[in-house]
Each structure stands twice: as structure tokens, then as C-alpha cells.
Amino acid sequence: MTDPIADYLTRVRNAYLAGKKVVEVPTSKMKVAITKILCEKGYILSYKLIDAEPQGTIKLALKYHPQTKAPAIKKIERVSTPGLRRYTDVENMPRVLNGLGIAIISTSKGVITDKEAKELNVGGEVVCYVY
């Protein structure tokens, strides 16, 4: 696998399209950081880290609207790929859906959202957009 982050985002996207309640993905530090942000911002219900010997997994409980059964994530897309890295500074920080969505940025302060990066005055690699 050349891009594990794209695989993670695709598994979440496909689980939402299939109407699944839970999805499992292999774990890594970056995936755990992205999962924490998605949980804090209300895009997923909860997550659970399951430790296994060779590699652990992350179990994600997906969130849907109670009446319409619409998924909480309308679109989740990878921005920076292994073949073409996308970096941004504070002045050119991307705004997703005019501030309604979030951009997840990998910075020297850790993996944070675009709004937190502006507050901390740091730039970094744009990992993905979520809305």
C-alpha cells in the first residue's frame, strides 16, 4: 500500500456510503490523530483502539442524522498525496466550504485543524478536507 492515509479515508467514505455503523482500519499515529479530530468535531460518534500483536486496529462508530439517516460526513477527500505534497502557510490557509468544513493539517505542533493552525500561527502539510 503506497498511501495508508488515503486508504483510511476511503474506508470511512465507503462505510458511510454503504450505511455501516462501524468500520475497522489498521492503526498508525497519523490515523489515530485524524480520528481524534473527527471525533472532537462531531463527524464520528466514537472510536476504540484495539491492540493486536503485529498491528492494532481502530474501530470507528459512524454518525448519522437520527431522522433522515444522512451521514455526518458529506465529503472527505485527500489533498496531499505521496506523489504531490501540498503545503500551506498561515496566510494561505485553506477554508473548506467557507468555514463550515475543516482542513486537517500536519504541523510541527502535531496534527490539527486549520482553525487551530491559524491560532497557533503555524503552517504545514494539508492532509485532507472534511465537510
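**Helix 1, the cores and the strands around them**

Helix 1 has a buried set made up of Ile5, Tyr8, Leu9, Val12, Ala15 and Tyr16. Here "buried" means under 20% relative accessible area, "exposed" means over 50%, and "partly exposed" covers what lies in between (1.4 Å probe, protein chains only). Helices (H or I, at least four residues) and strands (E, at least two) are DSSP runs, numbered from the N terminus. Looking down the axis of helix 1, the buried residues fall within an arc of 125°, so they line one face of the helix; the arc is that of the directions from the helix axis to the C-beta atoms. Turned away from that buried side is a face with the exposed residues Leu17 and Ala18.

A word on the model itself: it is a predicted one, where local features need pLDDT of at least 70 and side-chain atom pairs count only at pLDDT 80 or more, while totals for chains, interfaces and linings use all residues. Residues are numbered from 1 along each chain as its sequence is written, and side-chain values use heavy atoms, with hydrogens and water left out.

The length of helix 1 (residues 4-18) works out nicely: at 1.5 Å a residue, its 15 residues should span 21 Å, and the end C-alpha atoms are 21 Å apart, which agrees. The expected span is 1.5 Å times one less than the number of residues in the helix. Pro4 belongs to helix 1, and with 37% relative accessibility Pro4 counts as partly exposed. Between Pro4 and Val25 there are 9.8 Å in space, C-alpha to C-alpha, although the two are 21 residues apart in sequence. Just after helix 1 comes Gly19, with a positive phi of about 75°.

What do the buried residues of helix 1 pack against? Their partners are strand 1 (22-26), helix 2 (29-40), strand 2 (44-50), strand 3 (57-62), strand 4 (76-78) and strand 8 (124-130), where contact means heavy atoms within 4.5 Å. Tyr8 is a good one to look up in the structure: leaving out residues up to four places away in sequence, Tyr8 touches Val25, Lys31, Ile34, Thr35, Leu38 and Leu60.

Next come the nonpolar cores. A nonpolar core is a set of buried Ala, Val, Leu, Ile, Met, Phe, Trp, Tyr and Cys residues joined through side-chain atoms within 4.5 Å. The largest one has 24 residues, and Tyr8, Leu60, Ile104 and Val130 touch the most other members. At least two residues of this core come from each of helix 1, strand 1, helix 2, strand 3, strand 6 (102-107) and strand 8. Helix 1 gives the largest share, six residues. There is also a second, separate core of nine residues, with Met93, Val96, Ala103 and Ala117 among them.

On to the strands, which pair if DSSP finds at least two bridges between them. Three of them make an open sheet in the order 1-3-2, with antiparallel pairing. Strand 1 and strand 2 sit at the edges with a single partner strand each, so one side of each is left without a neighbour in the sheet. From one strand to the next, the twist averages 20°. Strand 2 and strand 3 are joined by six bridges and run antiparallel, and Tyr47 is placed opposite Leu60 in strand 3. Helix 1 packs on the sheet, touching strand 1, strand 2 and strand 3, and its direction makes about 165° with that of strand 1. Helix 2 also lies across strand 1, strand 2 and strand 3, running at about 150° to strand 2. For these angles, axes are lines fitted to C-alpha atoms, for helices over the stretch in contact, and angles run from 0 to 180 degrees between N-to-C directions.

Helix 2 has its own buried residues, namely Lys31, Val32, Ala33, Ile34, Thr35, Ile37 and Leu38. Gly42, just after helix 2, takes a positive phi of about 85°.

Strand 6 has five of its six residues buried, so it is largely enclosed by the rest of the structure. Five bridges link strand 6 with strand 8 in an antiparallel run, and Ala103 has Tyr129 as its bridge partner in strand 8. Strand 6 also pairs with strand 7, antiparallel again, over four bridges, and a hairpin of two residues joins them. Thr107 stands opposite Gly110 in strand 7. Thr113, found in strand 7 (residues 110-113), is buried at a relative accessible area of 2%. Apart from neighbours within four places in sequence, Thr113 contacts Ile37, Lys41, Ile102, Ala103 and Ile105.
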